[in-house]
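Open the structure in your viewer and keep the selection tool at hand. The tour below goes from one selection to the next.

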Amino acid sequence: MREVAIVGVGMTPFGELWELSLRDLFVDAALAALRDAKADHLDAIYVGNMSGGQFVGQEHVGPLMADHLGMRGVPSTRVESACASGGAALRAAFFEVASGASDLVLASGVEKMNDGADVTRVLATAADQESEVYHGVTFPGLYALIARAHMAAHGTTLEDLAAVSVKNHAHGALNPKAQFRQKVTAEQVMASSMVADPLRLLHCSPVSDGAAAVLLCPLSRAKEFTQRPIRIRGTGMASSSMALADRKDPAYLDAVNLAANRAYEMAKLGPKDINVAEVHDCFAIAELCALEALCFTERGRAGEATRAGETSLGGRLPINTSGGLKSKGHPVGATGVAQAIEIVEQLRGEAGERQVKDAAVGLAQNMGGSGASSVVHIFERV
Amino acid sequence: MPSPRYWREIPARYRLEGGRCPKCGKVVYPIRKVCPECRTEGLETIALSRRGRVVTSTVIHVSPTEFLMEAPYPMVIVETPEGARLMVQVADSDPDEVKPGMEVALEFRCIQREGHSGILCYGHKAVPIR
């Protein structure tokens, strides 16, 4: 396989973007990525998109996006793995370049959630319809079941959960692309309205519109497009049981651990080599479980580490410097690609007030459903 | 859930039938074609006990539209004595008392009403054993 680099990045702000359609969002992000690399053509496009069909009644998203980008004729494929669609699209693009089949491939993600759809119901289609959703569970409900299992097994507290939201909002306040650019206090988090006990509104990522795109090429050609290429050192993906009830330990995200181990092995790096990471904090408990499954902390210790500031900017291993899904926003299909962009900006030294000093190696972890799919990528400054 | 699809779920939902792997003994609910542990095909149908222990729980406050009238309602993952795990609502309870470790009975109940005509769809809910 060939070495692969990211040579261009682009994304829209995340938020309630009423004036922009699904296709507008994609085109804005894709054009920004092409401009960033001064590229004028593409060999292939991958579009991560969870549910254009249910959110805006639009399937066949691949060719639609190629058409509107002015790239008719270019092969363009929609990739779906629920909220991990973006990460899965990046992985598909990586392999297309690594294999030698193509040189210039766009990995993108897009979601238009604020167009009148019943968002709770659409998101629930990422859970098992027959054994879970039929009985009335929601996505916050699934993560609440994970949270209570984690609290029972490891003594994780409501304060630990609140600390995740407080940290991610503090980071997001520094990100011009974030949906919510204000800090919150632990008291505000714990007084916000109950969604699914013990998860409250400020433990949950918002409903967002947005798109993100990165341009990949062989590392050997990267200098044609940028002075600061970022190498993709490892990619790993894994699946787990669809239904949460079928996990041996509902408090452990085994697909995240499997995906991470595959990425670490490919990169020949371990958790101690990572300087900055974006993890899939769709709910506060998900960040704690991800930290443990990625082996950034011991099992059961992620809450304590978060409260101690180990994962804040300036801490031992800053997590979700972008604000995470919680504060930056979570347009589900775009999230995995936007995570990669935050890491690229950190490794290029372009993260502004959010910059992690001397960051050389970063990781992004994206997840679908209640953890039935996960994608992990490891990036390195060249 | 459209009626023809609902009809296929009747053995699991009405009779609480699961599957047992003839080779490794793994019990699953609902039944499936291939054992998730050892990939043996041809699981045997077994009837699950109508009781179990709560593995983990939540209380849904913001519900899907179909369940608006019930909210807030507790939901749990229950493990039956056979080792099957299923996700169900908890009925006839004080939501605050529903916690991991609690013993529950599984009772045949109405789960939701389908579509504008309101066709009744059944299944099982957990009820605390007092």
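How are α4(A) and α13(A) oriented to each other? To find out, select helix α4, residues 85-98 of chain A, and helix α13, residues 332-348 of chain A. This is a predicted model, and the values given here are computed from it.

**Stop 1: two packed helices**

Two packed helices are described by the angle between their axes and the distance between the axes. For α4(A) and α13(A) the angle is about 55°, and the axes are 5 Å apart. An angle of about 55° is neither under 35 degrees nor within 65 to 115, so α4(A) and α13(A) are oblique to each other.

Now show the residues where the helices meet. On α4(A), select Ser85(A), Gly86(A), Gly87(A), Ala89(A) and Leu90(A). On α13(A), they meet Val332(A), Gly333(A), Ala334(A), Thr335(A), Gly336(A), Val337(A) and Ala340(A). Coloured by class, this contact has six nonpolar residues, six polar ones and no charged ones.

**Stop 2: chain A as a whole**

Select all of chain A, which has 13 helices and eleven strands. Turn its C-alpha trace along the principal axes: the spans are about 55 × 45 × 35 Å. The radius of gyration of chain A is 19 Å, which agrees with the value near 21 Å for a compact globule of 382 residues. Of these 382 residues, 64% are buried. Among contacts between residues at least 6 apart in the sequence of chain A, 77% join residues at least 24 apart.

**Stop 3: where chain A touches chain B**

Show both chains. Here 29 residues of chain A are in contact with 27 residues of chain B. On the chain A side, select α5 (119-124), α6 (139-154) and β5 (194-197), each of which supplies at least two residues. The largest share, seven residues, comes from α6(A). By class, the side of chain A that touches chain B has 15 nonpolar, seven polar and seven charged residues.

Next, keep β5(A) and add strand β4 of chain B, residues 51-60. The two strands run antiparallel and are joined by two bridges. One pair to label is Ala196(A) with its bridge partner Ile60(B).

**Stop 4: a sheet in chain B**

Strands of a sheet pair through backbone hydrogen bonds, either parallel or antiparallel. Select the open sheet of three strands in chain B, with the order β2-β1-β3 and antiparallel pairing. Which are its edge strands? They are β2 (27-28) and β3 (44-47) of chain B, each pairing on one side only. Strand β1(B), residues 17-20, is joined to β2(B) by two bridges. To finish, label Gly19(B) and its bridge partner in β2(B), Val28(B).

Definitions and conventions. Residues numbered from 1 in each chain as written. Chains lettered and ligands numbered in written order. Predicted model: local features only at pLDDT ≥ 70, side-chain atom pairs only at ≥ 80, totals over all residues. Contact = placed C-beta atoms within 7 Å. Helix = DSSP H or I, 4+ residues; strand = E, 2+ residues; numbered from the N terminus. Nonpolar A, V, L, I, M, F, W, Y, C, P; charged D, E, K, R; others polar. Pairing = 2+ DSSP bridges. Rg over C-alpha atoms; globule rule 2.2 N^0.38 Å. Buried ≥ 20, exposed ≤ 12 C-beta atoms within 10 Å, placed from the backbone. Axes fitted to C-alpha atoms, helices over the stretch in contact; angles between N-to-C directions. Parallel < 35°, antiparallel > 145°, perpendicular 65-115°, else oblique.
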